[in-house]
Amino acid sequence: MDSSKILLGIDIGGTRIKAVALKQDGQILGQRIEPSIDDVESLLKTVTKLIDGFAAGDPSVGISAPGIVSPDNRSIAWMRGRMQAVEGLDWGQRLERNIWVLNDAHAATTAEAWIGAARGISHALMLTLGTGVGGGIIINGKLFPGATGRAGHLGHITLDWEGSPDIVSMPGSLEDCIGDHNVYHRSGSRYRNTRELMEAMESGNEQAVACWRRSVRGLAVGIASLVNAFDPEIVVLGGGIAECRAALFDLLKTYMDEVEWRPMGPHVPIVPAQLGEFAGAIGAARFAALQNDENHVRERCQT
């Protein structure tokens, strides 16, 4: 591939590394997946292999990873508990390339706003429902990272101020209400994950149905609260739990009808993400291209 005409995005996950090559208009040219390991040298070796496999030369490269990004978008400044290897790792410096880094949920949001479910939308929210709950905010067509890159951690809003603290010390958080990481606790030690919970619910188990309903009602209350705060045109749901589709979206609509404030009449559409597991890689590629364009414009203005 001609490296001057493609974008590369790489999403660093706990078990897999996903890479994508795209044209500048968003057309996907290729996708690849490699196993991941929480080790700096292994990660660097795998990412180098992926970049070289797609293009020679110096293509535009973006990396998405969990954690809070450094102010210069060259590394993950804070990541505790999992994928410790990415914390403080300056990818561009180690690989001697121009590489931009973005939080994984921010990257997925960027992708959906570019060529996915929120394409052409000026104001949007995205929630990624997986092991935890991440998210991103689009304001005036642009990702809103906040003052320190912390904005968009929508899973850490509280639903119960007297609840147990989550991993960032927030009591009764949205993440602990719907995230896959604590289904065993939420279900009274009956189910290990959302998949098992769904299977039991589909077989008619009343305890599973009750657990799922509590979780989805909590999600509805959280989304309604975020709608009140941000007034988006659309809410996009991604991640593995969002793949439950009808079991999630139909029940969520019922609860949103109860709790959503609709002063102007219409409800805010809640839609599934369109780009699947490669959304983080796609968004990272898009972000890198935008950063390089901004730098190019800045350099022209200075000369």
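Where does leucine 102 sit? I looked it up in this predicted model and found leucine 102 in strand 7.

**Leucine 102**

Next I asked myself: is leucine 102 buried or exposed? Its relative accessibility comes out at 4%, so I put leucine 102 down as buried, the cut-off for that being under 20%. I then listed what leucine 102 touches, skipping residues up to four places away in sequence: Ile63, Ser64, Ala65, Val69, Asn73, Ala107, Thr110, Leu143, Gly283 and Phe287. I also checked one C-alpha pair, and leucine 102 and asparagine 73 lie 6.5 Å apart there, with their positions 29 residues apart along the chain.

**Second largest pocket**

Leucine 102 turned up again when I opened the second largest pocket, which holds about 580 Å³ of space. I count 24 lining residues, and Leu102, Leu143, Pro145, Phe287 and Gln291 are the closest to the pocket's centre. Leu143 and Phe287 were already on my contact list for leucine 102.

Which elements supply at least two residues each to this lining? I noted strand 7 (99-103), helix 3 (104-115), strand 10 (142-143) and helix 9 (279-302). Helix 9 gives the most, with 5 residues. Sorted by class, the lining of this pocket has 11 nonpolar, 10 polar and 3 charged residues.

**Largest cavity**

I went looking for enclosed space too, and got 1 cavity of 30 Å³ or more. Its volume is about 40 Å³. The cavity is lined by Thr109, Glu112, Ala113, Ala118, Ala124, Leu125, Met126, Ile138 and Val236. Helix 3 comes up here as well: helix 3 and strand 8 each put at least two residues into the cavity lining. The class split for the cavity is 7 nonpolar, 1 polar and 1 charged.

**Nonpolar cores**

How many residues does the largest nonpolar core have? I get 36, and Leu127, Leu129, Trp212, Ile223, Leu237 and Leu248 have the most contacts inside it. Elements giving two or more residues to this core include strand 8 (124-129), strand 9 (133-139), strand 11 (234-238) and helix 8 (246-259). Helix 7 provides the largest share, 10 residues.

I picked out leucine 129 for a closer look. Beyond its neighbours within four places in sequence, leucine 129 contacts Ile178, Leu219, Leu237, Gly238, Gly239, Gly240, Ile241, Ala242 and Leu248. Leu237 and Leu248 are also among the core residues with the most contacts.

I logged a second, separate core of 28 residues, with Val47, Leu50, Ala65 and Val86 among them. Ala65 is one of the residues that leucine 102 touches, which takes me back to my starting point.

Notes: Residues are numbered from 1 along each chain as its sequence is written. This is a predicted model: local features need pLDDT of at least 70, side-chain atom pairs count only at pLDDT 80 or more; totals for chains, interfaces and linings use all residues. Side-chain values use heavy atoms; hydrogens and water are left out. On a 1 Å grid over the protein atoms alone, a cavity is a set of points where a 1.4 Å probe fits but cannot get out, and a pocket is an open set with protein on both sides within 12 Å along at least five of seven lines; lining residues have an atom within 4 Å of a point. Grid points are joined across faces, edges and corners, and a volume is the space filled by probe spheres set on the points. Helices (H or I, at least four residues) and strands (E, at least two) are DSSP runs, numbered from the N terminus. Ala, Val, Leu, Ile, Met, Phe, Trp, Tyr, Cys and Pro count as nonpolar, Asp, Glu, Lys and Arg as charged, and the others, Gly among them, as polar. A nonpolar core is a set of buried Ala, Val, Leu, Ile, Met, Phe, Trp, Tyr and Cys residues joined through side-chain atoms within 4.5 Å. Buried means under 20% relative accessible area, exposed over 50%, partly exposed in between (1.4 Å probe, protein chains only). Contact means heavy atoms within 4.5 Å.
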